[in-house]
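Welcome to this guided tour! Open your viewer, get ready to select residues one stop at a time, and follow along.

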Amino acid sequence: MSRTRLVAASALLVLATSTPAALALPANPGAGRTSTGAVATDDAAALAGAPFHGVGSFAGPAARSEAFDISDQGVVVGAAAVPGSGATHAFVMNPEADGRRLTDLTPSDPRSTRAEAVNRSGTVAGTLGIVPGAGLPQPFVWRPGIGLEVLPLPPGAAGAQAVDINDAGTVLVVGTDSTGVGLPVGSFLWDPAARTYRTLPTTGTAGEGAVPIARTLDERGGVAGGLVSPAGTGAWHHTATVWEPGTLTPHTLASGGGSDTFATDRNEHGTVVGWRMDTPGTAPRAVYWPSADAAPVSLPGQVAFEINDNGRIAGIRPVPGSTGFPFAAVMWEPGDGSRIRTTDLGDQGLGSYVNAVNSSGKTAGYVVKPGATNPYEAGGWWNPPRRG
């Protein structure tokens, strides 16, 4: 399944590390180019069996990148720094082809762009313009051999982010308002055949002014996310919700006694992952719902981002006392009863972050590395944890 994460200026994404989206129209909506200096920088470590494989960047070694998704075939997408600019560009990279070089999907765009998700055919969904104050965001898809297509905005939205795509080519899009800071106005499914949007509905149980904020789209057409409503100045209330395939009927999940909940993903067996806050404004805790009708079960961490069909969950745990980046990427594997196997995916002592997990248990995200002046994010993927 294809997976991704929405980054918007809502309190919904309490641990989002990227900036809110902003619009950047492509200067050249053609096929992407292949970089000449983007070979992964961790090849030697990878060949030696190290768990993390870096993708490098367009700007050479020690430049920022992040991986947002990894397909079942191992194709990685994300954003990487470009030379001579503070911008990052959407990339796709196949570790088994092209010498592991990054392909820049928006080579002529002066603004920052991001590839959010990739499906089994290699079609990529992403967002043009992700820097606050630089305009409003616009969703795109990129197809191998065809190039970039900018999608129309959903009804009632001044901007939009493409946050996921499934194997049928349906694109999950979150609409944003006109303020330029990415406040969401609703979530939509783009049908590439009909070239129309379907709007995700809300329910009366989520409170006045509730907005559907979707995070992942599965192969059956179901959606996971939440209903987010204002709860005072700069505050939001979150209700974990899944939308059923076909009908898109919303189903709110049990809170387990928490004040706020949010669903980040659901696998084909109906297990849902996400987070729960015990009281408003506090740090969340990672949870999973064994089914849409079950109470949430706590995981030993802060946020569960994705779950594959084998039940492997990718997320982050806090790093108490950290003077730098305060999170570490982990994998949880719930077993019989209350047993949960936790595996640190690994970093270089400065923290790490995971965004996606594929069917084989490979995960994508970044590690924090020491730089010449400041630490930087180095995107890549982890192989499945070794088992003795």
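Start by selecting Y197, which is buried, with a relative accessible area of 16%. That counts as buried because the cut-off is under 20% relative accessible area. Keep in mind as you look around that this is a predicted model.

Now add F188 to your selection. F188 is buried too, and its relative accessible area is 4%. Show both side chains and turn the view until you can see the two rings. How far apart are the centres of the rings of F188 and Y197? They are 6.0 Å apart, and the ring planes meet at 70°, so this pair is edge-to-face. An angle over 60 degrees is what earns that label. The F188 and Y197 pair has company, as the structure holds 10 aromatic pairs.

For another ring pair, select F305 and Y353. Here the ring centres are 5.6 Å apart and the planes are at 45°, so the pair is tilted. Colour the strands these residues belong to: F305 is in β23 (residues 303-307), while Y353 is in β27 (residues 352-357). The pair therefore ties together parts that are 48 residues apart in sequence. Are these residues buried or exposed, F305 and Y353? Both of them are buried.

Stay here and widen the selection to include F325, F327 and Y366. Together with F305 and Y353, these residues form a cluster linked by ring pairs.

Next, look for a ring with a charge over it. Select F68 and R114: the charged end of R114 sits over the F68 ring, 5.5 Å from the ring's centre.

Time for a stop at the surface. Select I146, in the loop between β9 (138-143) and β10 (147-150). I146 is exposed, with a relative accessible area of 61%. Then add T123 and draw a line between the two C-alpha atoms. I146 and T123 are 9.9 Å apart in space by that route, and 23 residues apart in sequence.

Finally, zoom out and show the whole chain as a cartoon. How many helices and strands does the chain have? There are 29 strands and 1 helix. Of the 388 residues, 57% are buried. Switch to a surface view, and you are looking at about 14100 Å² of exposed area, 54% of it supplied by carbon and sulfur atoms. As for contacts with a separation of 6 or more, 48% of them are between residues 24 or more positions apart.

Definitions and conventions. Residues numbered from 1 in each chain as written. Predicted model: local features only at pLDDT ≥ 70, side-chain atom pairs only at ≥ 80, totals over all residues. Heavy atoms only, no water. Helix = DSSP H or I, 4+ residues; strand = E, 2+ residues; numbered from the N terminus. Buried < 20%, exposed > 50% of the residue type's maximum accessible area, 1.4 Å probe, protein only. Contact = heavy atoms within 4.5 Å. Areas by Shrake-Rupley, 256 points an atom, 1.4 Å probe, with all protein chains shown as cover. Phe/Tyr/Trp six-rings, centres within 6.5 Å; stacked < 30°, edge-to-face > 60°. Lys NZ or Arg CZ within 6 Å of the ring centre and 35° of its normal.
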